[in-house]
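Colleague: I'd like a close look at one small part of this model, please. Start from a single residue and work outwards, and explain the terms as you go.

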Amino acid sequence: MTPPGGADDRARGSGDDPSTGAREIADAVERLANLWSVAAQKAAVRLSPHQLRALRALETQPDLNLTGLAERLDIGLPTASRLCDRLEAAGLMERAVQPRSRREVQLRLTGHGRRVLGDVARRRAQALAGVLAALTPAERSALIGGMRAVLAVPGEAFSQPPEES
């Protein structure tokens, strides 16, 4: 057992109440999401958040078909189809016949789509670096450690929010 004021108390600090922490993190995430969005809109090609999510999905899972993309984005098939029409018209993705099944259409990023994603990622990283530069080294280290801890939480914790009491 650790005595009061020991390492356990210092590690928990003001984070004992998850709901208070959640509100503080939600505020920070909202500010960061705004920064993220503004940085993306300054890219050479302006894309909606749905379009960016679709391109990122195709980048991380290059063998997606329309149904897989719709499921991944949690949108309906007609919406996914219209989204792909717009991305294809902009030269950011292409449809191709699936080699294993000629009835299935595979969605792929084009070279232009990859360059646009790279541009967005670079601009977002620069914007985030500006925020991190305003923190002390200890604050940066704590934030990075916290983000690593969040990334280590199993995926099922992100699928359903806890019920309110």
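Modeller: Let's start with Q106, which counts as buried because its relative accessible area is 10% (buried means under 20%, exposed over 50%, partly exposed in between, with a 1.4 Å probe and protein chains only). Keep in mind that this is a predicted model, where local features need pLDDT of at least 70 and side-chain atom pairs count only at pLDDT 80 or more, while totals for chains, interfaces and linings use all residues. Residues are numbered from 1 along each chain as its sequence is written, and side-chain values use heavy atoms, with hydrogens and water left out.

Q106 sits in strand β2; helices (H or I, at least four residues) and strands (E, at least two) are DSSP runs, numbered from the N terminus. Skip everything up to four places away in sequence, and Q106 still touches P62, D63, L64, E94, R95, A96, Q98 and P99 (contact means heavy atoms within 4.5 Å). The side chain of Q106 also makes a polar contact of 3.4 Å with that of R108. That term covers a pair of N or O atoms within 3.5 Å; within protein, one must be able to donate a hydrogen and the other to accept it, and residues adjacent in sequence count only if both atoms are side-chain atoms.

Now follow L64, one of the residues Q106 touches. L64 is in contact with L69 too, and L69 also meets A54, A57, C84 and L107, leaving aside neighbours within four places in sequence. L69 belongs to the largest nonpolar core, which has 24 residues; L55, L69 and L87 touch the most other members. Such a core is a set of buried Ala, Val, Leu, Ile, Met, Phe, Trp, Tyr and Cys residues joined through side-chain atoms within 4.5 Å. The elements giving two or more residues to this core are α3, α4, α5, β2 and α6 (111-133), and α3 gives the most, with five.

That brings us to α5, whose buried residues are A80, L83, C84 and L87. Seen down the helix axis, these buried residues fall within an arc of 100°, so they line one face of α5 (the arc is that of the directions from the axis to the C-beta atoms). They pack against α3 (49-60), α4 (66-73), β1 (93-98) and β2 (101-109). On the other side of α5, P78 and A89 are exposed.
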